[in-house]
Amino acid sequence: MKFNALVLTAVVGALLLPAWATRVDATEPAVKAANKDDLIAASAAVHKQMVPGGRYEFVTPAERDVVDAKLGDMQSLFDKYGTVATMNQDSKIQLFNDQESVNAILTNRDGDRRICKSVAPTGSLIPKTTCHTYGEIERSHRDSQKYLQDNLLHMPQLKHGG
């Protein structure tokens, strides 16, 4: 009887593995401003982290343009109203949507974000969970691309034929 329960548990676990295959840790929003001073501080912190070696170094130039535009839109709202409490409903919605857009980009490109995958190693049916930060994954990808480019450019061409 205990053997049947063990087999049933193993089967259910195997069926649920795809649901646990990839896990991403949630992070706190980078931009959450209630007044002009909060936005200025958050904006400065974000820009400081979007440099090489920073937490958001993997933000693409196009995404950077969106972040800057949305931060500018939020700044305009705070210049007009001062605080969220004094904003009308439409302005609050615009502020919320702008913050969500910025935070979505920053969360997606956060170098500290942990990504876990469950993968069966070659020659095994038993999956193992490995976790890496987004930054580690991107740096590894970048280094691999650079290695291939450097070595392919200096590799002698083989001559075929005779």
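A residue counts as buried when its relative accessible area is under 20%. Keep that cut-off handy for this tour of a predicted model.

**Stop 1: the whole chain**

Show everything as a cartoon. You should find five helices and three strands, and if you walk from the N terminus the order is α-β-α-α-α-β-β-α. Of the 162 residues in the chain, 22% are buried. Now switch on the surface: about 11,500 Å² is accessible, and 60% of that belongs to carbon and sulfur atoms. Among contacts with a separation of 6 or more, 58% are between residues 24 or more positions apart.

**Stop 2: Phe 58 and Tyr 134**

Select Phe 58 and show its side chain. Is Phe 58 buried or exposed? Its relative accessible area is 7%, so it falls under the 20% cut-off and is buried. Next, add Tyr 134, which also counts as buried, at 8% relative accessibility.

Keep both on screen, since a search of the whole structure finds one aromatic pair, and here it is. The ring centres of Phe 58 and Tyr 134 are 5.7 Å apart. Their planes sit at 85 degrees, and edge-to-face means over 60, so that is what we call this pair. Zoom out a little to see where the partners come from: Phe 58 is in the loop between H2 and H3, while Tyr 134 is in helix H5 (residues 134-153). They are 76 residues apart, so the pair links distant parts of the chain.

**Stop 3: helix H2**

Now select residues 36-49, which form helix H2. Try a distance between its end C-alpha atoms: you should get 20 Å, in agreement with the 20 Å expected for 14 residues at 1.5 Å a residue.

Which residues of H2 are buried? Colour Leu 39, Ala 42, Ser 43 and Val 46. They cover an arc of only 100 degrees around the axis, so they lie on the same side of H2. What do they pack against? Bring up helix H3 (61-81) and H4 and you'll see the partners. Then spin round to the other side of H2, where Asp 37 and Lys 48 are exposed.

Before leaving, click on Asn 35. This residue caps the N-terminal end of H2, with a side-chain oxygen 3.1 Å from the backbone nitrogen of Asp 37.

**Stop 4: Asp 98**

Finally, move to helix H4 (residues 89-108) and pick Asp 98. With a relative accessible area of 4%, Asp 98 is buried. Leaving out residues up to four places away in sequence, Asp 98 touches Lys 70, Asp 73 and Met 74.

Definitions and conventions. Residues are numbered from 1 along each chain as its sequence is written. This is a predicted model: local features need pLDDT of at least 70, side-chain atom pairs count only at pLDDT 80 or more; totals for chains, interfaces and linings use all residues. Side-chain values use heavy atoms; hydrogens and water are left out. Helices (H or I, at least four residues) and strands (E, at least two) are DSSP runs, numbered from the N terminus. Buried means under 20% relative accessible area, exposed over 50%, partly exposed in between (1.4 Å probe, protein chains only). Contact means heavy atoms within 4.5 Å. Accessible areas come from the Shrake-Rupley method with a 1.4 Å probe; for residues, only the protein chains shown count as cover. The expected span of a helix is 1.5 Å times one less than its number of residues. The arc is that of the directions from the helix axis to the C-beta atoms. A polar contact is a pair of N or O atoms within 3.5 Å; within protein, one must be able to donate a hydrogen and the other to accept it, and residues adjacent in sequence count only if both atoms are side-chain atoms. Rings of Phe, Tyr and Trp (its six-membered ring) pair if their centres lie within 6.5 Å; planes under 30 degrees apart count as stacked, over 60 as edge-to-face and the rest as tilted.
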